[in-house]
Amino acid sequence: MSRVHLQEELARSTAKVTAETAFGPVHGRRAANGAAVFLEVPYALPPIRFQDPVPLPASYRYEEKEYILESKYAAQPKNDGQAAGVPFEDKVGLGQPSEDPLFVNIVCPPSFPAQTNLPVKVYIHGGFLQFGSPHGLSGQAHFVAAERSEVWVNIGYRLSAFGFLASDEPKIDGNFGFKDQWLALLWIRDNIKAFGGDPDNVQLTGLSAGAHSVHQLLHHASRLPDGEKAPFRTANLQSNAIVTTPKTPAELRPQFEALCRALLLDPDAPDILETLRDTQRVPWSAITHAIETDALGVIYGTFRGCWEPSWIGDTDTMVWQRSGGLARGLASHGVRAVIVGDLTEEWYIYSLSHPIASPSDIVTNMERYYRADVVHKMIEAFGKNPADPEEATRVFGELLAEGQVHLPVRLLARDLMNAGFPVVRYEIAWTPEQLRPFGYVTHGTDRALWTLRLNVLEGDQVDVARKWLDTIAEYVKRAEAGEGLQEIKKVLALTTSKEIGEKEDNLWDKYMGLRKTLPGEE
């Protein structure tokens, strides 16, 4: 299986390309298949720790160099259970950790620069909002960009504590990673023409935490001021979505305090924010080490988005969604359709997320993601009492997969369709066999289909991937015209026999049963 990074491929290339942007020329090279590639193009100024990103000023000029290196990735902890067995560089690229991952990787088809107004696909990588990089091999887009004449843009953003620390006292608004992504979308809107893309034909996509991010961005877009257009036309959420309203900064203050104490700092000191932002006194490695060693305590070791009105509005997130506010807001700001779906065996990868030595570890690790009262209701409703660590690991995987993927994708589809918003929901029951751990059609094993990774697909798998992309594109076209799937329990399915077509969602009732554990769904 190929493990060639784009930097390595570009290093062997002699074909140079240039895009003329408002911030000056950006130089790249062509990949072996002719695709034009530009790596690590900044979309914002280097960020200040725990502050909102700042856009490039009109006077900014790009460096006179070739943008062909995987030189950096977001500073992050390394306790990523889901990536067990995957070489670290295949997840983050060949560079070094940095607190400035605010860049985009752009891949244009071989027709660049002659062909223009091409469809744009924006990809947000996954990793629980704690891990990953736009350089990850699963996000490589040069094959799909070349074959489908699309411009692909992979977004880098701040992760873990750097992207999602929040507190009410001292005031840290949080959601910095989501704000990074939004600023990247605005940069794409204003600059993608220079790379042959059509700013009016942008599809925002994300896998896992990237899909959760897309859901956050949908909510943000739905609350834009009147008359302001969203910087994307459609959205594709792959195997994740928001299931319950995020915690508030006040609820996250104990996590802030735990981080301070793990760093041997007084959270009540009047200059605590100044100290935390001082990269000399508190290097990024001290923060990641505290997280990796569970010095914060297990439930505080995962940093997530928060419900903060300046980002996501002052109405409860899920009340807004259930009431039709999300659907109406998206339609009024130019978003035409949403694609959302899951795989049939998501649970396996989720079972590896955190070490589960006993049933009590299920509760502790679920509280990383949800309020304690919701966790206890979920576990009670799930109705399984594992007797040994192996069984507990399986139960944890199933429960986390239901809460992270199977239930929220159905809730989102239900709420949008109930409000008359076009939705294409899919289900994948087959992925390339060589990419499945222990044979499971599990979380993330579908990426090679979405990106048409010809260097890992074998035999008829290429034809299946092409047919899947063609079919999805046709359904999205219909949805943009207002003709999404008409029945709430219908899905576009890729079956175990590699057939593609509509079918009934036989798991709807099973997964939707857990919704009664959520606030407002009782």
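At 25% relative accessibility, E66 counts as partly exposed, and this glutamate, seen here in a predicted model, is a convenient place to enter the structure. The side chain of E66 meets that of R29 in a salt bridge, with 2.7 Å from N to O. R29 itself is buried, its relative accessible area being 14%, so that the pair joins a buried arginine to a partly exposed glutamate. The two partners belong to distant parts of the chain, since R29 sits in strand β2 (residues 24–30) whereas E66 lies in the loop between β3 (36–42) and β4 (72–74), 37 residues apart.

A second pair can be read in the same way. The side chains of R233 and E480 form a salt bridge with an N to O distance of 2.6 Å. This pair, too, links distant parts of the chain, with R233 in the loop between α6 and β10 (234–238) and E480 in helix α18 (residues 461–480), 247 residues apart. R233 is buried, having a relative accessible area of 18%, while E480, at 21% relative accessibility, counts as partly exposed.

Helix α18 also holds both members of another pair, R478 and E474, whose side chains meet in a salt bridge of 3.6 Å from N to O. Because R478 and E474 are four residues apart in helix α18, about one helical turn separates them. R478 is partly exposed, with a relative accessible area of 34%, and E474 is likewise partly exposed, at 36% relative accessibility. Elsewhere, salt bridges that share partners join R322, R414, D415, R515 and E521 into one network. In total, the structure holds 35 salt bridges.

From charged pairs we can turn to the packing of helices. Two packed helices are described by the angle between their axes and the distance between the axes. How do helix α6 and helix α12 cross? The axes of helix α6 (residues 209–222) and helix α12 (residues 325–332) come within 8 Å and cross at roughly 70 degrees, which means that α6 is roughly perpendicular to α12. On the α6 side the contact is made by H215, L218, H219, A221 and S222, and on the α12 side by G325, L326, G329 and L330. The residues of this contact divide into four nonpolar and five polar, with no charged residue.

The loop that precedes α6 has a backbone feature of its own. S208 lies in the loop between β9 (197–207) and α6, and its phi is near 60 degrees, a positive value in a residue other than glycine. At 7% relative accessibility, S208 counts as buried. K498 also has a positive phi, of about 70 degrees, although it is not a glycine; it is found in the loop between β13 (490–494) and β14 (500–504). In contrast to the buried S208, K498 is partly exposed, with a relative accessible area of 24%.

The backbone also contains cis peptide bonds at prolines. One joins F112 and P113, with omega of about 5 degrees, and P113 is found in the loop between β6 and β7 (118–124). Another joins E169 and P170, with omega of about -5 degrees, and P170 has its place in the loop between α4 (160–164) and α5 (176–191).

Two further loop residues show how parts of the chain come together. K78 lies in the loop between β4 and α2 (88–92) and, at 55% relative accessibility, counts as exposed. Its C-alpha atom is separated by 9.0 Å from that of I291, although K78 and I291 are 213 residues apart along the chain. Not counting residues up to four places away in sequence, K78 touches F88 and E292. D100, in the loop between β5 (96–98) and β6 (103–108), counts as buried at 16% relative accessibility. Leaving aside its neighbours within four places in sequence, D100 is in contact with P46, P47 and K72.

The cysteines remain to be considered. Why is C306 not bonded to C260? The sulfur of C306 is 16 Å from the closest cysteine sulfur, in C260, and this is too far for a bond. The structure holds zero disulfides. C260 counts as buried, at 0% relative accessibility, and C306 also counts as buried at 0%.

Conventions:
Residues are numbered from 1 along each chain as its sequence is written. This is a predicted model: local features need pLDDT of at least 70, side-chain atom pairs count only at pLDDT 80 or more; totals for chains, interfaces and linings use all residues. Side-chain values use heavy atoms; hydrogens and water are left out. A disulfide is a pair of cysteine sulfur atoms within 2.5 Å. Buried means under 20% relative accessible area, exposed over 50%, partly exposed in between (1.4 Å probe, protein chains only). Axes are lines fitted to C-alpha atoms, for helices over the stretch in contact, and angles run from 0 to 180 degrees between N-to-C directions. Helices (H or I, at least four residues) and strands (E, at least two) are DSSP runs, numbered from the N terminus. Angles under 35 degrees count as roughly parallel, over 145 as roughly antiparallel, 65 to 115 as roughly perpendicular and the rest as oblique. Contact means heavy atoms within 4.5 Å. Ala, Val, Leu, Ile, Met, Phe, Trp, Tyr, Cys and Pro count as nonpolar, Asp, Glu, Lys and Arg as charged, and the others, Gly among them, as polar. A salt bridge is a side-chain nitrogen of Lys or Arg within 4 Å of a carboxyl oxygen of Asp or Glu.
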